[in-house]
Amino acid sequence: MEIINERGQILELSDRTSLSVERYNSLFNSSDKLLQDTIYPDKTGLTESNKVFIGNGHLVEISNDAYSLPVKIVVSGSTFFSGIMVYRITNNEISFELRVNFGSIANKLKTTNVRDIYTEDSYFPGTSSGTILPLMLDTAKNPNNYPYVFFPVWNDNWVDSASVVAANSPFVNAWDHNLQKFSGTTVNVPYWRLSYVISKIIEYLQFNVEGNYFTDPIEQEIYLFTLLGVFPRWNGILSSTSHLPDLMINEFLKQIIERKRISFDIDSFTNTVTIETAQSILSDPEFIDISDYIESIQEISVPEKKGYKITLKLNENDDSWNTGTSDKKVFQAPYILNVGSKENVIEMSVGTLRMKKDTLYTYPMNKELVKQTYFDNNWPLTLLRYKGMKNLSGGKVFPEATPLNLDLSDAEWYQFLNDSKPVTIIANIPPSILAKMKPSIKLRCISEQGIHFLVIPEKISYNLTPGITEFVQKVKIDARIVTTSYETKVDIEAVIPEQLVQEMFLVKFKAFWDPEVYDFQSLKIERIPEVGSTGVFGYTTIKYPTDEAGAGGSIGTTFATAGNRIDIEYRSEFRLYTDVKPRYYLRWGRKGTFTEKSGYYTFDRIAGVPWPEEGDKPIWIVF
């Protein structure tokens with residue numbers, strides 16, 4: 001091991017010098033620890049060579065600046081990391097600390113508001129309102145060409161001083177269906193891509209940024225909601241960070257990491273932050289093979305099973321989330337992500353908007369005043385998804401955005417934590433390979449029985465000493481074994497589906513089947529309107545079965561999103577899509593039968609038993 005300063009001089013180390021290095025995977029750690037300093041303390045002799053290395057810092061007349069200098073740590077020609085060496089002279093020795101991740105940058109996380117970051121990405125096309133409309137349309141048609149996009153959001157409270165205007169045109173970024181363009185008759189608001197804003201924040205922290213996160217097509221569909229409209233006087237788009245809520249950088253990143261399970265891997269030598277999602281790390285075929293260097297597998301443990309009940313925090317300043325029917329407001333998350341036994345309750349700070357449907361379109365829905373100055377950004381972090389123009393009948397299109405609700409892809413990381421075995425590996429790894437190992441890159445290992453397997457490191461630990469030449473001894477790797485299937489059950493529980501606007505007509509279903517007999521991944525029940533009915537319906541599926549007595553299991557639902565009460569209740573039928581005929585269904589203690597149709601089964605009515613109403617106990621289907 002060598003410690004080298006900017007002048008290329010090498011610090012003479014004593015035989016006792018040993019740096020205990022621990023590298024953590026941020027996916028397994030609290031997001032509070034992001035970019036914190038890592039400190040390696042040690043001592044060495046005040047030799048003549050070392051006096052030159054420290055710029056004669058042992059002399060009384062040397063300035064205070066000399067007691068802190070940039071260095072890099074090199075082992076057998078491979079650079080492991082760089083940082084700041086802070087030292088003092090005690091008893092004819094140099095007592096030093098190697099600080100990685102630079103304290104000034106770590107301090108910026110806590111003291112800098114994201115809105116205070118200057119970015120050169122504003123756009124001012126001209127004073128005429130018509131000059132920005134072609135740009136708005138092009139962003140909607142070609143979102144990958146821009147860091148922001150315009151799409152309609154239903155909002156009948158976008159302006160308070162002219163409520164009649166808002167009532168007659170209750171839209172942000174109003175769309176003209178006939179002319180197939182934005183009308184410009186209401187306020188215009190740009191929504192910035194999340195990955196772009198993250199890159200600007202990381203660049204402000206003086207890091208380069210890279211990673212599959214920035215090319216993942218799914219992640220590029222995610223945008224930040226804002227209440228800051230186009231600057232009215234000059235009809236211009238203010239800078240990206242001006243559209244963010246009032247948050248310090250660490251809080252912004254903490255909330256995004258929690259919601260999106262993003263990994264930040266910091267290479268202090270190249271000054272680069274690599275960003276990946278948990279899903280991309282799990283699915284990425286890349287790995288480093290350390291099979292030939294494994295000394296032993298010390299421990300393989302049974303994973304600690306934990307259950308989670310996860311919701312998104314609602315913005316209670318947004319009355320579109322109010323589902324109360326009286327003066328008392330009621331705010332309740334529309335979906336709950338249930339993982340396993342559900343004992344740990346998590347409310348994620350990042351939210352989304354409610355959804356509204358009409359005969360042609362689906363909109364995100366909001367009821368807050370849109371601002372056109374950047375002095376009052378007090379809304380919470382909120383995410384939306386925009387995939388591009390939606391094709392409609394008659395050759396028409398519509399820039400349709402949707403809320404970013406919890407879905408089953410959000411459960412994968414929690415399933416992995418529950419089902420992946422912890423393992424501790426001891427290996428003797430050449431420095432050239434160890435320097436390339438990142439917590440975000442999987443490792444290929446081999447068991448004593450000759451079976452290869454992949455792991456994701458939680459922590460990589462080793463000691464750097466002056467005498468290391470060919471091997472770094474006793475690298476300890478605490479990791480999780482990658483599994484290709486999960487035993488932990490998950491489901492999305494629709495409490496109040498966000499599509500519901502007024503009447504919900506929510507009907508719940510559960511089912512029992514023997515997984516060893518029936519290979520159901522899920523069961524779908526849909527409510528189908530009769531021809532000519534105004535009813536429009538949605539559904540959620542049954543993900544896993546109950547026990548033989550009907551306890552447990554996940555709940556599937558059907559619910560109305562539009563239509564009048566008569567059509568919804570009396571001009572529709574329930575269809576169960578399965579290749580296997582169920583034995584019966586149970587409602588109010590009475591058994592009902594099924595009629596086979598082409599590709600589905602319908603529910604036969606039970607004489608004397610009314611058909612389901614909202615709030616009833618779930619109908620139980622038995623195979």
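**Sheets and a cavity in a predicted model**

Student: Let's jump straight in. Which residue in strand 24 is the bridge partner of Ile222?

Tutor: That's Arg385. Keep in mind that we're looking at a predicted model.

Student: OK, and how do strand 14 and strand 24 pair?

Tutor: In the antiparallel sense, over 3 bridges. Strand 14 covers residues 222-224, and strand 24 covers residues 383-391.

Student: What order do the strands of that open sheet have?

Tutor: The order is 7-12-14-24-25, so to speak a row of 5 strands, with antiparallel pairing.

Student: Which strands stand at the edges?

Tutor: Strand 7 (148-149) and strand 25 (397-403). Each has a single partner strand, so one side of each is left without a neighbour in the sheet.

Student: And what holds strands together in general?

Tutor: Backbone hydrogen bonds, in either a parallel or an antiparallel arrangement.

Student: Which strands does helix 3 lie across?

Tutor: Helix 3, residues 133-141, lies across strand 7, strand 24 and strand 25. The helix runs at about 90° to strand 24.

Student: New topic. What about the open sheet of 4 strands, what's its order?

Tutor: That one goes 32-35-39-38, again with antiparallel pairing. Strand 32 (524-529) and strand 38 (594-596) stand at its edges with a single partner strand each, so one side of each has no neighbour in the sheet. From one strand to the next, the twist averages 35°.

Student: How many bridges join strand 35 to strand 39?

Tutor: There are 2 bridges, and the two strands run antiparallel. Strand 35 is residues 572-577 and strand 39 is residues 601-603. Leu576 stands opposite Tyr601 in strand 39.

Student: Switching again: how many cavities of 30 Å³ or more are there in the whole structure?

Tutor: A search finds 5. The largest cavity holds about 60 Å³ of space.

Student: What lines the largest cavity?

Tutor: Its lining includes Leu312, Leu314, Trp321, Tyr335 and Asn405. By class, the lining has 7 nonpolar and 3 polar residues, and no charged ones.

Student: Last thing. What's the mean pLDDT of the protein?

Tutor: The mean is 84, and 88% of the residues reach 70 or more.

Student: And where does pLDDT stay under 50?

Tutor: Over residues 498-503. The model has 21 contacts beyond four places in sequence for that stretch. Where pLDDT is low, though, the predicted coordinates should not be read in detail.

Note on methods: Residues numbered from 1 in each chain as written. Predicted model: local features only at pLDDT ≥ 70, side-chain atom pairs only at ≥ 80, totals over all residues. Heavy atoms only, no water. Pairing = 2+ DSSP bridges. Contact = heavy atoms within 4.5 Å. Axes fitted to C-alpha atoms, helices over the stretch in contact; angles between N-to-C directions. pLDDT = per-residue confidence, 0-100. 1 Å grid on protein atoms, 1.4 Å probe; cavity = no way out; pocket = protein on both sides within 12 Å on 5 of 7 lines; lining within 4 Å. Points joined across faces, edges and corners; volume = space filled by probe spheres on them. Nonpolar A, V, L, I, M, F, W, Y, C, P; charged D, E, K, R; others polar.
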